[in-house]
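The following note is intended for a colleague beginning to read protein models. Please keep the structure in view while working through the numbered points.

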Amino acid sequence: MSPKILGPKIVGEARPNSFEFETEALIKASGFREYDARWWFGHPGSTQPPELNLIGVQALGMGLGTLIRRLGAGPDIATGHDFRSYSLSIKLALVTGLMATGARVRDIGLALSPMAYFAQFALDTPSVAMVTASHNENGWTGVKMGAARPLTFGPEEMGALKAIVQAGDFDLAGGGSYDFVRDFRATYLDDLTRDKRITRKLKVVAACGNGTAGAFAPEALLRIGCEVIPLDVELDHTFPRYNPNPEDMRMLHAIRDKVLETGADVGLGFDGDGDRCGVVDNEGNEIFADKVGVMLARDISLLHPGATFVVDVKSTGLFNTDAVLRANGAVTDYWKTGHSYIKRRVAELGAVAGFEKSGHFFFNPPIGRGYDDGLVTAIAICQMLDRSPGSSMADLYRALPLTFGTPTMSPHCADDVKYGVVERVVADFQAMKQSGASFAGQKIADLITVNGVRVVAEDGTWGLVRASSNKPELVVVVESPVSSDRRRQMFEAVDAVLRRSREVGAYNQTF
């Protein structure tokens, strides 16, 4: 009997420019996140040690190919990559690993993540592996994976993948195949815009931060009948102005400036892999994505009375209190933050849509196919405006009850300690609530611990702390339905609890 074919040696550390780096699979364990994979790959001039090399990517492909077979998903898998200087080489290394397990790879080339999810349907491939670091800074890479459309992996599958790779427990049957799918961009855009033409003349800023969406978003908006004002749509993987991230205030401010300069009806910003969409109204107001979700939920629940929506715990409390949503019979479920979690919850509940404060929006039929697509979101926003011919985007925003929220704020916290820090923070809040202690000037009315902790005061002001699922950071969000002073008071109180842990560093942005 022939001995089992072994893959490369798996290591968690390896020094670049060494024999070991060229012969061993570097793949740091912490890169296996809750619902996708992210590693620091590095770039020229970087002094931060890499967490992954190309042999490690190959091992990841071997692990993924092994896992999808064991899950019963079969050998067929779609792959694509985002626009970074190293993404193509990473994808090809991944493909060689997949093929070693007997996978039949359908490669759609340069793509958005939702385009890869679409390929699972259009090419009848149950599984997907999209090489992308999403909005992470240059030097990061990762893979978004799934084996049951339209879902992507959650903690159970990611844990199984991590165990297979770290143990080198590969089923290397060989016999795989590779097929490059030509012109799939046109197939995706045709499907995206079919029967979606609007009649209202909308002038739309399409901002792409020089990321992958620049090759897709302007044309999609043109096809549905918008006048498009392009902003940073030229592909440039150095990201010369800012990271393509619609939660980043620098990107939102750039969109605001272009909207005011051109008199646009709305500004739409897309992240690095095109699965998120940020919004600026015609008066230059940057609308956080959870408020956009409320606006869309109002519009959709008129068309679908009694609709169920899913939102993440970072999102505004308006989904529960808004009078229009209540009048339309809408029901909202607050769930764990993360595109995989919300996607699964939307599927489980048969919800019409799911909204994340990060800008991941999920639409079930008839609007979408259940996965997150920033262009589907952009089209839905344009259709909402088309159905409200007498109202501007700013009018629709003003029609919402006033709350005082913050952007998503992320203090640095190392991957190997961040979950422990959050556990201590949760315990601190639970002790305060049990003792009846005052926090941010009031007693704690509620603690929501489905994902980190959301501490709610008696007047409805709340603050959230959770561990980031894809970066060495914590996540902090605050909102008050009362005043900006109460928002500030809650933030300072939450931050004081965080500062009890020396592992918590500086914020990436505040308000």
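1. Strand β21 is a useful place to begin in this predicted model. V453, V455 and A457 point one way from β21, while R454 and V456 point the other way, and all of these residues are buried. The strand, residues 453–457, is accordingly described as mostly covered, with 5 of its 5 residues buried.

2. On one side of the pairing scheme is strand β20, residues 442–448, which runs antiparallel to β21 over 4 bridges. Within this pairing, L447 has V455 of β21 as its bridge partner. The two strands form a hairpin with 4 residues between them, and G452 in the turn has a positive phi of about 75°.

3. Strand β22, residues 462–467, is also antiparallel to β21, and 4 bridges join the two. Here the bridge partner of V455 is G463 of β22. The hairpin of β21 and β22 has 4 residues between the strands, and G460 takes a positive phi near 90°.

4. The UniProt record, in an unreviewed entry, lists residues 441–495 as "domain: Alpha-D-phosphohexomutase C-terminal". Over residues 441–495 the chain is 22% helix and 45% strand. The C-alpha atoms at the two ends of this stretch are 14 Å apart.

5. Does the length of helix α16 agree or disagree with what its residue count predicts? The helix covers residues 484–498, and its 15 residues should span 21 Å at 1.5 Å a residue; the end C-alpha atoms are 21 Å apart, so the two values agree. The buried residues of α16 are R486, R487, M490, F491, A493, V494, D495, V497 and L498.

6. Helix α2, residues 54–70, may be examined in a similar manner. Its 17 residues reach 24 Å from the first C-alpha to the last, close to the 24 Å expected at 1.5 Å a residue. The helix is mostly covered, with 13 of its 17 residues buried. G72 follows α2 and has a positive phi, near 85°.

7. The largest pocket has a volume of about 520 Å³. Of the 29 residues that line this pocket, H135, N245, E247, S410 and E473 are the closest to its centre. By class, the lining has 2 nonpolar, 16 polar and 11 charged residues.

8. The second largest pocket has a volume of about 290 Å³. It is lined by 21 residues, of which E286, F288, Y397, G405 and R487 lie nearest its centre. By class, this lining has 10 nonpolar, 5 polar and 6 charged residues. Helix α9 (289–303) and strands β18 (404–405) and β23 (474–480) each supply at least two lining residues; β23 gives the largest share, 3 residues.

9. Two cis peptide bonds deserve inspection. The bond from R149 to P150 is cis, with omega near 0°, and P150 is found in the loop between β7 (140–146) and α5 (155–167). A cis bond also joins P365 and P366, with omega of about 10°; P366 lies in the loop between β17 (361–363) and α13 (374–386).

10. Positive phi values also occur at residues that are not glycines. D124 has a phi of about 55° and lies in the loop between α4 (113–122) and β6 (127–131). F239 has a phi of about 45° and is found in the loop between β10 (227–231) and α8 (249–262). Is F239 buried or exposed? F239 counts as buried because its relative accessibility is 8%, and buried means under 20%.

Technical notes: Residues numbered from 1 in each chain as written. Predicted model: local features only at pLDDT ≥ 70, side-chain atom pairs only at ≥ 80, totals over all residues. Heavy atoms only, no water. 1 Å grid on protein atoms, 1.4 Å probe; cavity = no way out; pocket = protein on both sides within 12 Å on 5 of 7 lines; lining within 4 Å. Points joined across faces, edges and corners; volume = space filled by probe spheres on them. Nonpolar A, V, L, I, M, F, W, Y, C, P; charged D, E, K, R; others polar. Buried < 20%, exposed > 50% of the residue type's maximum accessible area, 1.4 Å probe, protein only. Pairing = 2+ DSSP bridges. UniProt positions renumbered as here; feature names shortened; annotations may be inferred. Expected span 1.5 Å × (residues − 1).
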